[in-house]
Amino acid sequence: MESSQLFLLFSLHSRENFRNEWNLSNESTCRIQDGFLMETLPAMYSIIAIIGFVSNLLALWVFTFGTLKTNSITVYMKHLAIADLLLSLCLPFRVAYQKHNGPLVLCKMVGMIFYITMYVSILLLSLISLDRYFKIIKPLQHFRIHTKLFSLAMSMVVWAICLITMLCFLLDTNESGPCDYKCFHFKYRSTSGGILNMLVVTFFFLLLFFFLYSYGKISLRLHAVSLKKTQQCSKRMSTRIAIKTFVVLVVFIVCFVPYHVVRIPYILAQMMIISEQNIQALHLVNELVLCISTLNCCFDPVIFFFLSSKFFKNPTSLEGTRTQKPELRHHSVKIPIYVKRKHKLQIGFLTPIKDVLYLNFEKPQTKQKRL
């Protein structure tokens with residue numbers, strides 16, 4: 001209790017000092033400059049916007065008019081493509097506002113869509129990972145999350161949550177400052193706005209913990225299966241499966257972790273807790289990692305490519321049917337594995353065919369000796 005009171009007193013004291021410093025300075029001058037970002041960011045955003053728009057438009061066309069079978073993952077990926085497409089349409093406005101000032105209303109609307117699409121992507125990638133986690137760790141059980149209706153409902157909930165949260169940010173009143181006339185620039189925030197931002201960052205790191213935990217379990221599961229493989233072709237197949245499995249984790253970490261790490265001191269600076277001397281550097285770093293986060297709209301089509309392949313039909317690469325592949329019983333490579341089935345341990349046999357490991361519960365036929 002005492003520590004929280006001291007934090008509030010320190011925060012209020014720091015904010016009062018900042019106000020006094022700004023009152024002594026020229027109020028019409030924004031001392032936080034973009035520097036080299038004035039030329040760098042427009043070029044980077046332009047390239048990302050073109051690649052993201054074309055690739056996600058193509059992906060959306062495939063999901064809508066293609067022959068790809070619709071299931072839980074394709075529903076999430078379709079909404080992910082929509083979010084990335086909207087994000088790519090926002091980037092030209094960021095390019096225009098980088099060098100020129102414009103209507104602040106349009107600036108706020110573009111900024112709101114920008115952050116809505118970012119967090120929709122984060123949550124949808126989390127749902128995709130959760131779906132794959134259950135399919136890999138418990139391949140013989142069927143969960144509601146694997147149904148198309150559930151995935152569609154969850155996608156709608158994700159959009160609604162992000163929209164409501166961004167409306168709360170839009171209604172929050174910022175502290176007045178000399179940079180208020182600039183769009184997509186450093187601005188001071190009220191205490192409530194800063195706390196809300198910190199809650200969003202905390203929620204992101206909880207999702208990151210889930211990612212690391214779930215993919216750690218998946219890695220152990222795939223490693224246990226790979227230990228039972230003896231032939232070289234099976235090992236190459238295991239490598240391809242691992243790449244397809246962890247591509248979501250790599251995109252999530254590369255695109256979103258740097259931005260949210262920088263957000264912590266950046267928000268503290270917006271709340272006037274961090275010294276003014278660090279604000280210029282924080283602004284430059286924040287703009288750079290924010291640009292890195294938009295690479296998500298270019299990397300997500302890579303996820304679409306991997307997850308829409310033949311392997312996508314079974315991310316676990318384990319299929320538990322007796323009659324699905326009649327050639328399994330004649331295949332030379334069979335890997336015994338114990339599987340809990342109907343509350344009993346039962347021995348099954350993994351058979352690698354191309355990029356997929358098939359699981360059946362028929363005993364391998366032994367060759368009869370010639371008399």
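The following conversation concerns the fold, cores and surface of a predicted model.

Biologist: How many helices and strands are there in the chain?

Modeller: The predicted model has nine helices and three strands. Along the sequence, the pattern reads α-α-α-α-α-α-α-α-α-β-β-β.

Biologist: What share of the residues counts as buried?

Modeller: The buried share is 47% of the 371 residues of the chain. The chain exposes about 19,700 Å², and carbon and sulfur atoms supply 67% of that area.

Biologist: And what share of the contacts joins residues at least 24 apart?

Modeller: That share is 79%, taken among contacts between residues at least 6 apart in sequence.

Biologist: Where does UniProt place the feature "transmembrane region"?

Modeller: The UniProt record, an unreviewed entry, places this feature at residues 43–68, 80–97, 109–128, 149–172, 192–213 and 241–261.

Biologist: What does the chain look like over residues 80–97, and over residues 192–213?

Modeller: Residues 80–97 are 100% helix and 0% strand, with 26 Å between the end C-alpha atoms. Residues 192–213 are likewise 100% helix and 0% strand, and their end C-alpha atoms lie 32 Å apart.

Biologist: Turning to the interior, how many residues has the largest nonpolar core?

Modeller: The largest nonpolar core has 71 residues, and Val 248 and Phe 252 have the most contacts inside it. At least two residues of this core come from each of α2, α3, α4 (104–137), α5 (148–171), α6 (191–226), α7, α8 and α9 (296–307). Helix α4 gives the most to this core, with 17 residues. Another core, of eleven residues, lies apart from it and includes Cys 30, Tyr 188, Tyr 266 and Ala 269.

Biologist: Which residues does Phe 252 touch, not counting those up to four places away in sequence?

Modeller: Phe 252 touches Ile 122, Leu 125, Ser 126, Phe 204, Leu 207, Leu 208, Phe 211 and Val 257.

Biologist: What about Phe 256: is this residue buried or exposed?

Modeller: Phe 256, in helix α7, counts as buried because its relative accessibility is 1%, under the 20% cut-off. Leaving out residues up to four places away in sequence, its contacts include Met 118, Ser 121, Leu 125, Phe 204 and Asn 296. Ser 293 is also one of its contacts; the C-alpha atoms of Phe 256 and Ser 293 are 5.4 Å apart, although the two residues are 37 apart in sequence.

Biologist: Where is His 283, and which residues does it touch beyond its sequence neighbours?

Modeller: His 283 lies in helix α8 (residues 279–293) and is buried, with a relative accessible area of 0%. Beyond four places in sequence, His 283 touches Ile 32, Gln 33, Asp 34, His 185, Phe 186 and Tyr 266.

Biologist: What is notable about the phi of Met 272?

Modeller: Met 272 has a positive phi of about 65°, although it is not a glycine. Most residues other than glycine have a negative phi. Met 272 sits in the loop between α7 (232–270) and α8, and it counts as buried, at 4% relative accessibility.

Biologist: Now the surface: which residues make the nonpolar patch?

Modeller: Ile 50, Phe 53, Val 54, Leu 57, Leu 86, Leu 89 and Ile 113 make a nonpolar surface patch of about 580 Å². The elements giving two or more residues to it are α2 (37–65) and α3 (72–99). Helix α2 gives the most, with four residues.

Biologist: Is Ile 50 buried or exposed?

Modeller: Ile 50, in helix α2, is exposed because its relative accessible area is 57%, over the 50% cut-off.

Conventions:
Residues are numbered from 1 along each chain as its sequence is written. This is a predicted model: local features need pLDDT of at least 70, side-chain atom pairs count only at pLDDT 80 or more; totals for chains, interfaces and linings use all residues. Side-chain values use heavy atoms; hydrogens and water are left out. Buried means under 20% relative accessible area, exposed over 50%, partly exposed in between (1.4 Å probe, protein chains only). Contact means heavy atoms within 4.5 Å. Patches are made of residues with over 30% relative accessible area and no salt bridge: like charges are joined within 9 Å, nonpolar side chains (Val, Leu, Ile, Met, Phe, Trp, Tyr) within 5 Å. Accessible areas come from the Shrake-Rupley method with a 1.4 Å probe; for residues, only the protein chains shown count as cover. A salt bridge is a side-chain nitrogen of Lys or Arg within 4 Å of a carboxyl oxygen of Asp or Glu. UniProt positions are given in the numbering used here, feature names are shortened, and annotations may be inferred rather than shown by experiment. A nonpolar core is a set of buried Ala, Val, Leu, Ile, Met, Phe, Trp, Tyr and Cys residues joined through side-chain atoms within 4.5 Å.
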